[in-house]
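Student: I would like to practise reading local features in a model. Could we go through some together?

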Amino acid sequence: MTTLDREQPRATDGARHPGAVARPLPLRLAVPAAVSAGLALLVAFPPYGLWPLAPVGVALLAAAAHRRRLRAGAGLGFLAGVALFAPLLEWTNLHTGWLPWALLSLLQAGYLALLGAATAWVSPLADRWRVGWPLLTGVLWVGQEALRDRTPFGGFPWGRLAFSQDTSPLLRLAALGGAPLVTFAVALAGGLLLAVAWRDWRRRAGQWRPVAGLTAVLVALLAAGAAVPVGVRGGGDTVTVAIVQGNVPRLGLDFNAQRQAVLNNHVDATVELAERVGRGEAQRPDLVVWPENSSDIDPLRNPGAGYRISQAADAIGAPILVGAVLSGPGPGQVRNAGLLWRPGSGPDLGQVYTKRHPVPFAEYVPLRAIARKVSAEVDRVRSDFVPGDRPGVLDAGVATLGDVICFEVAYDGIVRDTVTGGAQLLVVQTNNATFDVAEARQQLAMVRLRAVEHGRAALMASTVGVSGFVSPDGRVDGATGFNTAEVVVRQMRLGDGRTPATVVGAWPEVAFAALGVAALLGAAVARRRREVVPG
């Protein structure tokens, strides 16, 4: 028998809780459970989209770590994290080699290791108050994500439980408390599953009562999510928007070397749309959105690039939101920007959004000298992108846009700042040319959550796909294919109110994380009062 198998609560625990399993899962079961937890979580996310498996994954990890020593809980959490993040982030390996992918996956798995250790630590509380086990599971998950979303270098929120629920009834909870509330609900559901299953099924008497009660709570949770009203009161105004997905000559990191061709693709597609409008085959848009990196040639400094964009804007007769790389402000510095280009007058320098959260080791290299010793690939980033200091609130004339760029859609505060700043329509400009369709669909799931969270119609414009329109209830319309050139035109309704989630901001996350800290402190007190050796 291993050390892990020997470690268990006192024998009196089973007497105090007649329905409880008095020991931790045997190691021969805990290890497969942890790996299965990660795989269940993985297939809950796009492109698989089996969202009911997210609570199952939560339950399996909690079961594996329950009553373990801290190191054992951390190890099992790490196994689950590797099983989740290595395949989930596989798209980072497509064009940069295996090392960045491995380092990022292991780093993210480390946060689930912390979660596994925390789950093991609070085992005495779960044993003493079994009805509180789902709540413990929920607050620990939110706390783990709050930490992962912010550290290191601003965090990496990919793979949050909330982002697996784009087709789930729980998605509507985002309108009340944003992504943290959705994550809490998913983890709470997992805790309910665990509380139902974690009992000695050899005892027949009275088993149905707690099982029925907990199952009823689980059903009520899903029903409550489906019943949440979504969308906010709008003025009834609509705007016709065109997404131009110009595509790139070939996928990969060298898309930047194809920058003239990429710009030409977006110009030509817009001019072709104008011709279709002239023939009565398409509706004239009030606004055209080009994706991130649609003009990697600075159109403010390169007359040729500026001329081509003006050609497109004048032909379509509508402003174009251009995803541009702008030089400066200092030597060797660049900015990832959304730039409004108006027909007849060209660039509107008062309506420029500079990406506030450049991606570390992709758009800038922190600790470059040290990072270079790990991998010379960091020198592919020749110029560091400078972050902006203002939310992406842009006045396009026909609508006030809330512009966020690429990975920024994963960060709660960056999106919320645009809505509190007056955005009537959410716009996500992205470039998926260095990734794959799985990454693009995972990103679209985030857009769906943001639309529900803030009661705003939203769109995602990508160079290569997936692009599409999202209504305030999370439905997707006009989704494009991947690695194709497409133009999609839709009417979008403007929003001018605020959902509860917009009003409360980060407070639900703060509250859940504080409860998680309180649970850890409470477990410390319980351990001092009882002779409990967790396994």
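Tutor: We take a helix pair, a surface patch and some backbone details in turn. Keep in mind that this is a predicted model.

Student: Start with the helix pair. At what angle do the axes of H6 and H17 cross?

Tutor: Read the distance and the angle together. The axes of helix H6 (residues 98-121) and helix H17 (residues 507-529) come within 9 Å. They cross at roughly 45 degrees. Angles under 35 degrees count as roughly parallel, and 65 to 115 as roughly perpendicular. H6 and H17 are therefore oblique to each other.

Student: Which residues make the contact?

Tutor: H6 brings Ala118, Ala120 and Trp121. H17 brings Leu520, Ala523, Ala524 and Arg527. Sorted by class, the contact of H6 with H17 has six nonpolar residues, no polar ones and one charged residue.

Student: Now the surface. Which residues form the nonpolar patch?

Tutor: For a patch, ask who belongs to it and how much area is accessible. Here Val31, Val35, Leu39 and Leu79 form the patch, with about 260 Å² of accessible area together.

Student: Which helix gives the most to the nonpolar patch?

Tutor: Helix H3 (residues 27-44) does, with three residues. Leu39 is found in H3.

Student: Next, the backbone. Where is the peptide bond cis, with omega near -20 degrees?

Tutor: For a cis bond, look at omega, then at the surrounding element. The bond from Thr151 to Pro152 is the case you describe. Pro152 lies in the loop between helix H8 (133-148) and helix H9 (174-197). The peptide bond from Gly465 to Val466 is also cis, with omega near 5 degrees. Val466 sits in the loop between strand E10 (458-462) and strand E11 (468-470).

Student: And phi? Which residue has a positive phi although it is not a glycine?

Tutor: Check the sign of phi, then the residue type. Arg67 has a positive phi of about 70 degrees. Arg67 is in the loop between helix H4 (53-65) and helix H5 (70-88).

Terms used: Residues numbered from 1 in each chain as written. Predicted model: local features only at pLDDT ≥ 70, side-chain atom pairs only at ≥ 80, totals over all residues. Heavy atoms only, no water. Axes fitted to C-alpha atoms, helices over the stretch in contact; angles between N-to-C directions. Helix = DSSP H or I, 4+ residues; strand = E, 2+ residues; numbered from the N terminus. Parallel < 35°, antiparallel > 145°, perpendicular 65-115°, else oblique. Contact = heavy atoms within 4.5 Å. Nonpolar A, V, L, I, M, F, W, Y, C, P; charged D, E, K, R; others polar. Patch = residues over 30% accessible without salt bridge, like charges linked within 9 Å, V, L, I, M, F, W, Y side chains within 5 Å. Areas by Shrake-Rupley, 256 points an atom, 1.4 Å probe, with all protein chains shown as cover. Salt bridge = Lys/Arg side-chain N within 4 Å of Asp/Glu carboxyl O.
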